[in-house]
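User: Please take a close look at one part of this model, the open sheet. Tell me how its strands are arranged and what stands out along them.

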Amino acid sequence: TVTNTAATCGNTAAVPVPQSTPGPTITAVANNPPTCGGNNGSIVISGLTSGTAYTVNYTKDGTPQPSQSLTATTSEQVTISNLTQGSYTNIA
């Protein structure tokens, strides 16, 4: 779980990482919108395989959001973007 409460609009992102065999270390960083009510927050997930497409599912404030197909960059990251204030959990 990643929580940033330094701004007046804190958000939370949870990243469950079930693994049957050792894999990469997965980390997530939440980036708050610069203003309350903004829609340019993001969650960056690192430790992935560059060039690989991932289907990302998550919930916002307990409501499932549409799946996103994201391809890991050469920095081995995907970014869930255009997020508003809320609690983001069950990222898989």
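Analyst: Three strands make up an open sheet, ordered 3-4-9, with antiparallel pairing. Strands here are DSSP runs of E, at least two residues long, numbered from the N terminus. Two of them pair if DSSP finds at least two bridges between them. The model is predicted, so local features need pLDDT of at least 70 and side-chain atom pairs count only at pLDDT 80 or more, while totals for chains, interfaces and linings use all residues. Residues are numbered from 1 along each chain as its sequence is written, and side-chain values use heavy atoms, with hydrogens and water left out.

The edges come next. Strand 3 (27-31) and strand 9 (77-83) each have a single partner strand, so one side of each lacks a neighbour in the sheet. On average, neighbouring strands of this sheet are turned by 15 degrees against each other, direction ignored. The axes behind that angle are lines fitted to C-alpha atoms, and angles run from 0 to 180 degrees between N-to-C directions.

Now the pairing of strands 4 and 9. Strand 4 (residues 41-46) runs antiparallel to strand 9, and five bridges join them. Ser-46 lies in strand 4. Opposite Ser-46 stands Gln-77 in strand 9. Their side chains make a polar contact at 3.2 Å. Such a contact is a pair of N or O atoms within 3.5 Å; within protein, one must be able to donate a hydrogen and the other to accept it, and residues adjacent in sequence count only if both atoms are side-chain atoms. Ser-46 is buried, at 16% relative accessible area. Buried means under 20%, exposed over 50%, partly exposed in between (1.4 Å probe, protein chains only).

Definitions and conventions. Helices (H or I, at least four residues) and strands (E, at least two) are DSSP runs, numbered from the N terminus.
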